[in-house]
Amino acid sequence: MAEKVALDAGHGGRDYGAVYDGRREKDDNLRLAQDVGALLKEKGLDVVYTRTSDVYRTPYERAMTANNEGADYFVSLHRNAFPEPNQASGAEAFVYEDDGVKGEIAKAITDNLETVGFVNRGVQERPNLVVLKRTGMPAVLIQVGYIDSEADNQLFEQNYEDVVQAIVEGILNSIVSEEPYYKVQVGVFRVEANARRLLEELAGEGFPAYIVYEDGYYKVFVGAYPEMQEAVDMEKLLRDNGYTTMLVRK
Ligand SMILES: [Zn+2]
């Protein structure tokens with residue numbers, strides 16, 4: 001069974017979130033949640049949403065949706081704001097407590113967003129946020145830059161696909177399954193660009209590929225399967241398509 005991620009697009013309906021120059025946080029959050037969700041599904045994960053349209057849900061309802069759906073992880077997407085426009089910028093992540101897999105996901109996403117160009121404001125503990133406190137699974141809230149920062153909005157728009165990818169890879173690379181699982185390694189690189197090239201080639205052929213940065217190398221994997229036979233079948237398909245593969249048990 002694939003891991004299930006609950007995606008929470010912050011605010012909605014009568015709650016606009018932060019607003020700057022006609023731009024509404026609730027719209028940015030929803031767009032992000034939908035695109036992050038689509039990419040996670042492409043990578044083979046299950047996704048549930050706390051909202052898929054412009055409606056208001058209380059923080060408690062959002063947490064309950066994730067709990068009732070049996071989500072394994074909860075990721076809330078927001079954009080930040082400062083009392084004075086263009087005074088603050090950068091990405092940061094909130095967690096109930098900075099430990100375990102939630103801390104790892106939070107750090108991985110903010111590090112990835114720094115690579116995209118955002119100032120890295122790091123991981124902060126926010127034990128009073130309902131969506132972090134009432135969710136029964138590792139939960140993180142990501143502030144994807146400041147909506148009242150021209151520079152951050154420019155990054156958000158011009159590198160939008162990289163922003164989505166930064167969040168998705170931060171989740172994927174941090175997820176630890178309690179059961180052993182099998183994945184197919186297709187390439188190991190010192191240079192990230194080379195790993196990305198292989199990733200794009202594989203994705204273009206429809207393989208659920210992703211990159212994990214491990215021990216100083218960028219490793220390209222395909223799939224993550226609880227049953228060894230599924231991984232073996234995927235390995236055969238990859239080899240038939242001309243790839244060199246190695247089965248990895250995690
Ligand atoms: Zn917000």
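The following dialogue introduces the two domains of a predicted model and three of its aspartate and asparagine residues. In this predicted model, local features need pLDDT of at least 70 and side-chain atom pairs count only at pLDDT 80 or more, while totals for chains, interfaces and linings use all residues. Residues are numbered from 1 along each chain as its sequence is written, and side-chain values use heavy atoms, with hydrogens and water left out.

Student: Which domains does the domain assignment of the chain give?
Tutor: Domain bounds come from an automatic or database domain assignment. For this chain, the result is domain 1 (4–174) and domain 2 (182–249).

Student: What area is buried between domain 1 and domain 2?
Tutor: The size of an interface is often given as the accessible area lost when the parts come together. Here buried area is the accessible area (1.4 Å probe) that two parts lose on being put together, summed over both. Carbon and sulfur atoms give 46% of the area buried between domain 1 and domain 2, and the total is about 540 Å².

Student: Which residues in domain 1 lose the most area to domain 2?
Tutor: Three residues together account for 69% of what the side of domain 1 buries. They are Lys43, Glu169 and Asn173.

Student: Which side chain meets that of Glu169 in a salt bridge?
Tutor: A salt bridge is a side-chain nitrogen of Lys or Arg within 4 Å of a carboxyl oxygen of Asp or Glu. Across the interface of domain 1 and domain 2, the rule finds 1 salt bridge. For Glu169 the N to O distance is 3.5 Å, and the partner is Arg196.

Student: Is Asp8 buried or exposed?
Tutor: Buried means under 20% relative accessible area, exposed over 50%, and partly exposed in between (1.4 Å probe, protein chains only). Asp8 is found in strand S1 (residues 4–9), where strands (E, at least two residues) are DSSP runs, numbered from the N terminus. Because its relative accessibility is 1%, Asp8 counts as buried.

Student: What is the relative accessible area of Asp21?
Tutor: Asp21 lies in the loop between strand S2 (19–20) and strand S3 (23–24). Its phi is near 55 degrees, a positive value in a residue other than glycine. Asp21 is exposed, and its relative accessible area is 69%.

Student: Where is the place of Asn86?
Tutor: Phi of Asn86 is near 60 degrees, a positive value in a residue other than glycine. Asn86 is partly exposed, with a relative accessible area of 39%. Its place is in the loop between strand S5 (73–80) and strand S6 (91–95).

How values were computed:
Helix = DSSP H or I, 4+ residues; strand = E, 2+ residues; numbered from the N terminus.
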